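Biologist: I am new to this protein and would love a guided tour. Where shall we begin?

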Amino acid sequence: NNENIRGAVAVLRDMTETRKLEKMKNDFIANVSHELRTPISMLQGYSEVIIDDVAETEEEKKEMAKIIYDESLRMGRLVNELLDLARMEAGHLSLNCEKVNTKNYLFRITSKFSALAREKNITIITQIEDEELEWNLDPDRIEQVLTNLIDNAMRHTPSGGSITVIQFISLDNQLVIQVKDTGCGIAQEDLPYVFDRFYKADKARTRGQSGTGLGLAIVQNIVKAHHGEITVVSKVNEGTTFTCKIPQNLM
């Protein structure tokens, strides 16, 4: 009343979530910049060598052009996966579900890796509990999931190792597909973060390989879109098992 203070109002706002989102945004920008820096530098460096005629032979020029081409493909994969992930996290992932015979489906996917497996001396095994089982899912999206998981297993499993794809029905009547390898494994402290964008548990083992660090984040979003869940268990130097559970009544 301009003479006496009759009371006070305190406004408290929890900024935890806002700060967390801000940090996620900053980390995301930093990670994208980091992932793009290397291919861009290589594109610039090798193109300058070709333009300045530093490469003396046609063979050297072709080799440099091949590096430029490979790095441009890597950048394209990164951008496409970023767009896919953005659409998924915005809830714009649409599924085209149909009844799929899981035996034929899984054998077709694993057969894609047979040549590479022979080259790396890795055994791929497919274990089917119910050969007549049909399940309602998006075959293209789940193939993307399994291709990513098997490809990761191939890259992290040494010569003489094995990768096993297992199908069975859980006690709560969900389709379970496991991808189990005998590879180098993941440290326990890294396991909670393997599905995070750009997270690479072992930086050394991904060096020189074409991974973008987005594959498992995309995998998790696809499985969640099927109202399912994906989990991982691992032990260093013993192997890793990814388990996907997909319910039947999706629609």
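Modeller: Let's begin with A217, which lies in helix α7 (residues 215-225); helices (H or I, at least four residues) and strands (E, at least two) are DSSP runs, numbered from the N terminus. This is a predicted model, where local features need pLDDT of at least 70, side-chain atom pairs count only at pLDDT 80 or more, and totals for chains, interfaces and linings use all residues. Residues are numbered from 1 along each chain as its sequence is written, and side-chain values use heavy atoms, with hydrogens and water left out.

Biologist: Is A217 buried or exposed?

Modeller: The terms rest on relative accessible area: under 20% is buried, over 50% is exposed, and in between is partly exposed (1.4 Å probe, protein chains only). A217 has a relative accessible area of 2%, so it counts as buried.

Biologist: Which residues is A217 in contact with, leaving aside its neighbours within four places in sequence?

Modeller: Contact means heavy atoms within 4.5 Å. As a guide to the surroundings, the C-alpha atoms of A217 and D196 are separated by 5.7 Å, though these residues are 21 apart along the chain. Beyond four places in sequence, the contacts of A217 are L85, F195 and R197.

Biologist: F195 catches my eye. Which residue forms an aromatic pair with F195?

Modeller: Rings of Phe, Tyr and Trp (its six-membered ring) pair if their centres lie within 6.5 Å; planes under 30 degrees apart are stacked, over 60 edge-to-face and the rest tilted. A search of the whole structure gives one aromatic pair. Its centres are 6.1 Å apart and its planes meet at 80°, which is edge-to-face, and the partner of F195 is F242.

Biologist: How many residues apart are F195 and F242 in the chain?

Modeller: F195 sits in the loop between β5 (175-181) and α6 (203-206), while F242 belongs to strand β7 (residues 239-246). Both rings come from buried residues. The pair links distant parts of the chain, with a separation of 47 residues.

Biologist: How many residues of β7 are buried?

Modeller: Both faces of this strand are covered. On one side the buried residues are G239, T241, T243 and K245, and on the other T240, F242, C244 and I246. For β7 the count is eight of eight.

Biologist: How many bridges join β5 to β7?

Modeller: Two strands pair if DSSP finds at least two bridges between them. Here the strands run antiparallel, with V179 opposite F242 and V176 bridged to K245. The number of bridges between β5 and β7 is seven.

Biologist: Which residue takes a positive phi in the hairpin of β6 and β7?

Modeller: Strand β6 (residues 229-235) and β7 are antiparallel, with seven bridges between them. K235 stands opposite G239, and the hairpin has three residues between the strands. The residue with a positive phi, near 70°, is N237.

Biologist: And in the turn of the hairpin that β4 and β5 form, which residue has a positive phi?

Modeller: Strand β4 (residues 162-169) and β5 pair in the antiparallel sense over seven bridges, one of which joins T164 and K180. Six of the seven residues of β5 are buried, so the rest of the structure largely encloses this strand. Five residues separate the two strands of the hairpin, and the one with a positive phi, about 60°, is N173.

Biologist: How many disulfides does the count come to?

Modeller: A disulfide is a covalent bond between the sulfur atoms of two cysteines; here the rule is a pair of cysteine sulfur atoms within 2.5 Å. For C97 the nearest cysteine sulfur, that of C244, is 15 Å away, and for C184 the nearest is also that of C244, at 19 Å. The count of disulfides is zero.

Biologist: Stepping back, what is the radius of gyration of the protein?

Modeller: The protein has seven helices and seven strands. The radius of gyration is taken over C-alpha atoms, and the globule rule is 2.2 Å times the number of residues to the power 0.38. For 251 residues that rule gives 18 Å, so the protein is more spread out than a compact globule, with a radius of gyration of 23 Å.
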